[in-house]
Amino acid sequence: MNITKKSKWIGGSIIYKESTDSTNLDATRMSDRLPDGAVIVADSQTAGSGRRGRTWVSPAGDNLYFSLLLKPDLEPRNAAMLTLVMALAVARAVKETCGAQAMIKWPNDIVVQGKKICGILTQMQLKGTDMEHVIIGVGINVNQSRFETGLKYASSLQRETGKVQDRAVLLAEVLYQFEVLYEQFLVEQSLEFMHSDYEKCLVNLGREVQILDPKGAYEAVALGINEIGELVVGKSDGSTETVYAGEVSVRGLFGYV
Ligand code: BTN
């Protein structure tokens, strides 16, 4: 498969590294010198980081690890929505390039056949109270064939589709899909425009979930997202709650999703 769709300016500047500690750290270190939309991509990472202080295991040769540097004119409180924009871009790109039914586990995991194939880590840098930049780090397990036994819900596109996938084609498609969504997001500063498409991909929808809130865990049913990307859940007493991605983690009650 060849690269057919090309983004106009996202990824206009691309830095490739054979190995690095973390592409998110690279993007942070180089943020002053790099333009809006620059991408740093690495074949392996020695200190790949995930959400909630976790490590992102990043062996060489098989996967995609990249970070996108953005310098938007955006209220800092709107930055968390960019994780959902990237999640939908990855889900669309996986469908386009691999033909796989990619779903989103709110807010930042992409799931194929119930297994996690991608994680997204969004980090924001403020200057006073203004946004200086946002870095969206994406790790996609593309052709990895074996996983540590502890990672029982992790898989790769190759394992789930039975085919070796082209990393360059997938990266180009993710950047293209992201650019299409991001340009609209910048105009609207809301997720209303992609709400219905996002919910079609939302694997949690209608499912029982456990909300790991720092104030106390509780069980609920995922009802969807609102226009700012919070998860809306229904509790057993009939009340609804909105869950903000920065604060909580969501677990499926009967497995990973
Ligand atoms: C998660 O699911 O916890 C998010 C994982 C994000 C991993 C990617 S790999 C590229 C970028 N560099 C990092 O150190 N992390 C992100």
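Contact, as used in this note, means heavy atoms within 4.5 Å. Keep in mind that this is a predicted model.

1. Helix 1 and what lies under it. Helix 1 covers residues 23–30, and its buried residues are Thr23, Asn24, Asp26, Ala27 and Met30. Looking down the helix axis, these residues fall within an arc of 160 degrees, so they line one face of the helix. Generally, an α-helix has 3.6 residues a turn, so residues three or four places apart point the same way. The buried residues of helix 1 pack against five strands: strand 1 (14–20), strand 2 (39–45), strand 3 (64–70), strand 6 (115–127) and strand 7 (130–140).

2. The start of the helix. A side-chain oxygen of serine 22 comes to within 3.2 Å of the backbone nitrogen of asparagine 24 at the start of helix 1. Serine 22 also turns up on the ligand's list, as one of the residues that come nearest to the ligand.

3. The ligand site. There are 21 residues around the ligand, and Ser22, Gln45, Ser49, Arg51 and Lys116 come nearest. Three polar distances are worth a look. Lysine 116 has a polar side-chain atom 2.6 Å from an oxygen atom of the ligand. For glutamine 45, an N or O atom of the side chain sits 2.9 Å from a ligand nitrogen. Threonine 23 places a polar side-chain atom 3.2 Å from a nitrogen atom of the ligand. As for cover, the ligand on its own exposes 420 Å², and the protein buries 98% of that.

4. Glutamine 45, a residue to click on. Glutamine 45 belongs to strand 2. Is glutamine 45 buried or exposed? Its relative accessible area is 11%, and the cut-off for buried is under 20%, so glutamine 45 counts as buried. Besides the ligand nitrogen, the side chain of glutamine 45 reaches the backbone nitrogen of threonine 23 at 2.8 Å. It also makes a polar contact with the side chain of serine 58, at 3.0 Å. Setting aside neighbours within four places in sequence, the contacts of glutamine 45 are Thr20, Asp21, Ser22, Thr23, Trp56, Ser58 and Tyr65.

5. Strand 2 and its partner. Strand 2 is mostly covered, with seven of its seven residues buried. Strand 2 pairs with strand 1 in the parallel sense, over six bridges. To find the register, take lysine 17, whose bridge partner in strand 2 is alanine 42.

6. Strand 8, an alternating strand. In strand 8 (residues 208–212), which side chains are buried? Val209 and Ile211 point to one face and are buried, whereas Glu208, Gln210 and Leu212 point to the other and are not. Strand 8 runs antiparallel to strand 9 (residues 218–225), joined by four bridges, and glutamine 210 has glutamate 219 of strand 9 as its bridge partner. Five residues separate the two strands in this hairpin, where glycine 216 takes a positive phi near 140 degrees. Strand 8 also pairs with strand 12 (residues 249–252), again antiparallel and over four bridges; here isoleucine 211 stands opposite valine 250.

7. Arginine 52, for completeness. Arginine 52 sits in the loop between strand 2 and strand 3. With a relative accessibility of 45%, arginine 52 counts as partly exposed. Measuring C-alpha to C-alpha, arginine 52 and glycine 224 are 23 Å apart in space, with their positions 172 residues apart in sequence numbering.

Definitions and conventions: Residues are numbered from 1 along each chain as its sequence is written. This is a predicted model: local features need pLDDT of at least 70, side-chain atom pairs count only at pLDDT 80 or more; totals for chains, interfaces and linings use all residues. Side-chain values use heavy atoms; hydrogens and water are left out. Buried means under 20% relative accessible area, exposed over 50%, partly exposed in between (1.4 Å probe, protein chains only). The arc is that of the directions from the helix axis to the C-beta atoms. A polar contact is a pair of N or O atoms within 3.5 Å; within protein, one must be able to donate a hydrogen and the other to accept it, and residues adjacent in sequence count only if both atoms are side-chain atoms. A residue is near a molecule or strand if one of its heavy atoms lies within 4 Å of it. Accessible areas come from the Shrake-Rupley method with a 1.4 Å probe; for residues, only the protein chains shown count as cover. Two strands pair if DSSP finds at least two bridges between them.
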